[in-house]
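This report describes the sheets, the nonpolar core and the empty spaces of one protein model. The sequence and structure are shown first.

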Amino acid sequence: MSVVIAIDGPSGAGKSTVSKELAHRLGIAYLDTGAMYRAAAWWVTRAQIDTTDRQAVAGAVRAMDLSMPLDPFHQTIFMDGDDITKAIRTPEIARSVSTVSTNLAVREILVSRQRAIIHDAEDGIVAEGRDITTVVAPDADVRVLLTASAEQRVARRAAEVRGGTDAQALALTRGEVIGRDAKDSTVVDFTEAAAGVTTIDTTNLTIEEVVQAIIELIPAERRPAKRGES
């Protein structure tokens, strides 16, 4: 029986790392909805569309040919046949993505795509993002909000994006993380758990501890066999 696991939370809380490992462990699909917004921002920027022109941005996003991978450890993202996996993770895209992700028409388009992907995942899926537990998949079997201290979140994102946590990397990353959270919070609440959503503070937990905590939330009758089990 398939299971849908929705994981929400702010930047750097550990959503992607935990979700990938969880999907791998359970042998089910993985959807990074944040990457979809980054891809949209890249597409709009490449087309030289003014990101404040909400109608033009929505039209471009509606027409984009985006291919999202569902294998947790093979996350090659294609746009119109081009590999944009690395391109969407640059600091430049990080700074521009909020303008696109707060466009309500864009959110409607991408939420529709996300729901379709989740619906079609026959063996189950772990979907992660900022509004998964409340908007995209409010009926998921397991809904989790991951949090962490601001210092830990900034350090994690600096290591991911800039390859280190020295003072300069932290300073450059802090504005991106805190700034994006502030902007995105104007259209979706990803800091407070909605009714039925379990909050897990990852600040002092290992990846394994967080993954195990989420597995234990899966109803026994919907729990996929772990890899290596028959």
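A residue is called buried at under 20% relative accessible area, exposed at over 50% and partly exposed in between, with a 1.4 Å probe and protein chains only. Helices (H or I, at least four residues) and strands (E, at least two) are DSSP runs, numbered from the N terminus. The model is predicted: local features need pLDDT of at least 70, side-chain atom pairs count only at pLDDT 80 or more, and totals for chains, interfaces and linings use all residues. Residues are numbered from 1 along each chain as its sequence is written, and side-chain values use heavy atoms, with hydrogens and water left out.

## The five-stranded sheet

Two strands pair if DSSP finds at least two bridges between them. An open sheet of five strands has the order β2-β6-β1-β7-β8, with parallel pairing. The edges are held by β2 (29-32) and β8 (198-201); each has a single partner strand, so one side of each is left without a neighbour in the sheet. From one strand to the next the twist averages 20 degrees, where axes are lines fitted to C-alpha atoms (for helices over the stretch in contact) and angles run from 0 to 180 degrees between N-to-C directions.

The pairings in this sheet are listed below with one bridge pair for each.

| Strands | Bridges and sense | One residue pair |
|---|---|---|
| β2 and β6 | four, parallel | Leu31 and Ala127 |
| β1 and β6 | four, parallel | Val4 and Ile125 |
| β1 and β7 | four, parallel | Ile7 and Val144 |
| β7 and β8 | four, parallel | Leu146 and Ile200 |

Strand β1 covers residues 4-8 and strand β7 residues 142-147. A further bridge partner in β7 is Val142, which is matched with Ile5.

In a regular strand the side chains alternate between the two faces of the sheet. For β7, six of its six residues are buried. Val142, Val144 and Leu146 lie on one side of β7, with Arg143, Leu145 and Thr147 on the other, and both faces are covered. In β6, too, both faces are covered: Ile125 and Ala127 are buried on one side, Val126 and Glu128 on the other.

## The three-stranded sheet

Another open sheet has three strands in the order β3-β4-β5, and its pairing is antiparallel. Here β3 (66-67) and β5 (82-83) are the edge strands, each with a single partner strand, so one side of each is left without a neighbour in the sheet. β3 is joined to β4 (residues 78-79) by two bridges. Ser67 has Phe78 of β4 as its bridge partner.

## The nonpolar core

A nonpolar core is a set of buried Ala, Val, Leu, Ile, Met, Phe, Trp, Tyr and Cys residues joined through side-chain atoms within 4.5 Å. The largest such core has 39 residues, and those that touch the most other members are Val61, Met64, Leu66, Met79, Val106, Leu110 and Ile118. Two or more residues each come from β1, β2, α2, α3 (54-63), α4 (91-101), α5 (104-120), β6 (125-128) and α6 (132-136). The largest share, nine residues, is supplied by α2.

## Pocket and cavity

Rolling a probe the size of a water molecule over the atoms shows where empty space is left. On a 1 Å grid over the protein atoms alone, a cavity is a set of points where a 1.4 Å probe fits but cannot get out, while a pocket is an open set with protein on both sides within 12 Å along at least five of seven lines; lining residues have an atom within 4 Å of a point. Grid points are joined across faces, edges and corners, and a volume is the space filled by probe spheres set on the points.

The largest pocket holds about 710 Å³ of space. Its lining has 38 residues, of which Lys15, Ser16, Thr17, Arg157 and Glu160 lie nearest the centre. Elements giving two or more residues to this lining are α1 (15-26), β2, α2 (33-46), α7, α8 and α9 (207-215).

One cavity of 30 Å³ or more is found in the whole structure. The largest cavity has a volume of about 70 Å³, and its lining consists of Ser11, Arg38, Ala94, Arg157, Val161, Glu176, Val177 and Arg180. At least two of the lining residues come from each of α7 (150-162) and α8 (167-184), and α8 gives the most, with three.
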